[in-house]
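Morning, everyone. I have one structure to walk you through today. Please keep it open in front of you as I talk.

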Amino acid sequence: MLASSLRWGISATRPVYRQALGARAPVIRRGYVAPPSKPAMAKIVNADRTKGRVADDEAKSDMHPVSREEIFSHAMEGQKGERPASRPIYLDAQSTTPTDPRVLDAMLPYYINQFGNPHSRTHAYGWETESAAEQGRKHIADLIHADPKEVIFTSGATESNNMSLKGVARFYKSKKNHIITTQTEHKCVLDSCRALQEEGFEVTYLPVQSNGQVNLDDLKAALRPTTAIVSVMTVNNEIGVIQPIKEIGHLLKTYGADLAKELGRGTPKPFFHTDAAQALGKIPIDVNEAGIDLMSMSSHKLYGPKGIGACFVRRRPRVRLEAIISGGGQERGLRSGTLATPLVVGFGEAARLAKEEMAYDHAHISALAKRLRDNIMSRVEMVLLNGDPEGYPGCTNLTFQYIEGESLLMALKDICLSSGSACTSASLEPSYVLRALGLDDANAHSSLRFGIGRFTTVEEIDFVCDKIVAVVNRLRELSPLWEMVQDGIDLKTIEWSG
Ligand SMILES: Cc1ncc(COP(=O)(O)O)c(C=O)c1O
């Protein structure tokens with residue numbers, strides 16, 4: 001049976017949900033309701049629907065607009081008229097993750113009763129939301145071993161990346177005009193760098209090795225006395241490679257600092273920014289141990305709500321930035337605007353859970369990734385694993401040679417996968433990340449990213465493997481290229497006309 005705790009999953013911390021599922025829904029370790037059998041589930045949902053309507057009529061006379069059961073059965077339905085089990089399997093965890101129901105539980109009071117503006121200093125409504133927001137900030141700081149004062153809330157990693165790169169570059173522009181990043185960064189880092197080039201800054205885009213990691217010698221050679229900031233992501237969103245963050249931090253503190261002294265005593269070393277959108281809550285991060293000065297984070301990548309993120313900005317030694325948003329001076333003057341308390345609380349709870357459950361999640365995800373790789377690669381020939389085998393396992397990128405990735409995706413309608421990052425998947429260009437690893441256009445076009453998350457199940461992985469094997473074999477049977485390869489023809493030697 002294909003049923004994930006996600007799609008059946010509801011929060012057990014809400015008694016009304018538990019009641020609605022009844023005794024057949026045991027609570028599992030994480031506070032979720034384990035999936036009952038499919039027919040049993042169908043019966044429960046149907047019964048609830050009928051009950052919901054009756055209860056709804058009763059509720060109307062009581063001035064309650066919708067019964068709780070009705071809300072529940074809607075939530076369980078997913079899309080209109082569709083049972084949850086008929087929804088596609090979600091294997092796109094780098095694009096986004098579902099909000100953990102425990103996170104949503106923590107957020108709800110701040111949408112209803114505790115709605116005060118956390119910056120209101122004159123009354124209890126403000127004090128209680130301020131205290132909740134500070135608690136959330138502390139959970140995030142704890143996850144990365146920072147001081148809560150170093151956590152600045154933003155709308156997400158895109159904003160944090162913009163804020164870090166543009167903010168630092170513009171603040172130090174009278175002395176420094178050089179930025180270093182890699183060719184495989186997220187679009188929002190690359191585009192921020194392009195924007196800074198328009199403003200007169202010089203940017204070095206470092207190449208990566210075939211496993212996706214930057215070469216530290218290349219980085220060392222690229223450093224200049226005028227390098228203001230170096231931005232290297234912690235975990236890549238397309239191939240899962242983990243960059244040597246500690247080594248980079250150390251290089252900037254030593255060799256980078258020595259170079260900076262050439263501009264006079266007191267000139268800061270090149271600041272180290274890392275985009276940790278795909279790393280936060282997935283692998284341990286210690287900003288002090290790694291010598292990180294600025295770090296971008298996004299809540300929805302770690303089972304928190306969308307629309308909120310944060311930027312770690314080191315206080316000692318202090319990193320100075322020109323704010324890109326002006327206003328009331330909130331968030332140490334670096335990001336004006338009223339904090340969205342429910343989102344901050346949700347992000348904080350997601351961070352708390354991630355810290356508590358990181359080892360459990362990692363073991364679960366690693367086991368599923370191994371199962372997926374072993375199963376597919378032992379049954380299908382000419383499949384390549386892209387990136388570093390020691391990278392983050394929840395992001396597995398495979399090339400199915402001699403098959404067009406888009407056709408593969410089309411044939412896999414019941415599985416949500418991506419052939420690249422969500423922001424570039426609308427274009428038919430081959431992934432620039434895979435190209436940077438040295439893949440040719442054909443192989444880059446034949447690649448799929450499998451994003452495995454906290455709620456992915458063994459049954460889902462097995463279903464996906466069987467489906468992939470069947471579809472790849474079918475598409476290859478139809479492919480003249482595959483026939484030529486089978487006949488021993490080296491496609492690179494062919495001169496195509498037209
Ligand atoms: C590595 C990386 N950086 C930045 C982002 C942008 O995050 P957000 O869209 O939440 O701002 C993403 C999202 O895909 C990402 O994967």
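**A strand covered on both faces**

Let's start with strand 10. Both of its faces are covered. Gly-309, Cys-311 and Val-313 sit on one side, Ala-310 and Phe-312 on the other, and all are buried. That makes five buried residues out of five in strand 10, residues 309-313, so the strand is largely enclosed by the rest of the structure. Before I go on: this is a predicted model.

Now the partners of strand 10. Strand 4 joins strand 10 through four bridges, and the two run antiparallel. Within that pair, Thr-154 stands opposite Gly-309. Strand 9 also runs antiparallel to strand 10, with five bridges between them. There, Ser-296 has Cys-311 as its bridge partner.

**The seven-stranded sheet**

Let's step back to the sheet. In what order do the seven strands of this open sheet run? The order is 4-10-9-8-7-5-6, and the pairing is mixed. Two strands form the edges: strand 4, at 151-154, and strand 6, at 202-206. Each of them pairs on one side only. From one strand to the next, the twist averages 20°.

You have heard the antiparallel pairs. Here is a parallel one. Strand 8, residues 271-275, and strand 9, residues 294-298, pair in the parallel sense over three bridges. Thr-274 has its bridge partner, Met-295, in strand 9. A quick general reminder: strands of a sheet pair through backbone hydrogen bonds, either parallel or antiparallel.

A helix goes with this part of the sheet. Helix 10, residues 245-261, lies across strand 7, at 227-231, and strand 8. Helix 10 runs at about 165° to strand 8.

Look at the loop between strand 7 and helix 10. Pro-244 lies there. Is Pro-244 buried or exposed? Neither label fits: with 16 C-beta neighbours inside 10 Å, Pro-244 counts as partly exposed. Burial would need 20 or more, and exposed would mean 12 or fewer. Which residues does Pro-244 contact, leaving aside neighbours within four places in sequence? Those are Gln-213 and Leu-216. Met-233 is 11 residues from Pro-244 in sequence, and the two are 9.7 Å apart in space, C-alpha to C-alpha.

**The ligand**

Next, the ligand. How many residues surround the ligand? There are 16, and the closest are Gly-156, Thr-158, Asn-237, Ala-277 and Ser-298. By class, this shell holds five nonpolar residues, 10 polar and one charged.

**The three-stranded sheet**

On to another sheet. This one is open, with three strands in the order 11-12-14 and antiparallel pairing. The edges are strand 11, at 383-386, and strand 14, each pairing on one side only. Neighbouring strands here are turned by 30° against each other on average, direction ignored.

Take strand 14, residues 447-451. Why call strand 14 largely enclosed? Five of its five residues are buried, so the rest of the structure largely encloses it. Ser-447, Arg-449 and Gly-451 point one way, while Leu-448 and Phe-450 point the other way. All of them are buried.

Strand 12, residues 395-400, is joined to strand 14 by five bridges, and they run antiparallel. Thr-399 has Ser-447 as its bridge partner. Leu-398 stands opposite Leu-448.

**Two helices crossing**

Helix 11 comes next. Helix 11 lies across strand 11, strand 12 and strand 14, and runs at about 10° to strand 12.

Helix 11 also meets helix 6. Helix 6 covers residues 124-144 and helix 11 covers residues 341-379. Their axes come within 8 Å and cross at roughly 35°. The crossing is left-handed. Among the residues that meet are Thr-129, Gln-135 and Arg-137 from helix 6, and Phe-347, Glu-349 and Arg-352 from helix 11. The residues of this contact divide into nine nonpolar, six polar and five charged.

**The whole protein**

Last, the overall numbers. The protein has 16 helices and 14 strands. Of its 498 residues, 45% are buried. Now take contacts between residues at least 6 apart in sequence: 71% of those join residues at least 24 apart.

To finish, go back to strand 10 and strand 14 on your screens. In strand 10, five of the five residues are buried. In strand 14, five of the five are buried too.

Conventions: Residues numbered from 1 in each chain as written. Predicted model: local features only at pLDDT ≥ 70, side-chain atom pairs only at ≥ 80, totals over all residues. Axes fitted to C-alpha atoms, helices over the stretch in contact; angles between N-to-C directions. Left-handed = near helix turned anticlockwise from the far one by under 90°. Contact = placed C-beta atoms within 7 Å. Nonpolar A, V, L, I, M, F, W, Y, C, P; charged D, E, K, R; others polar. Pairing = 2+ DSSP bridges. Near = placed C-beta within 6 Å.
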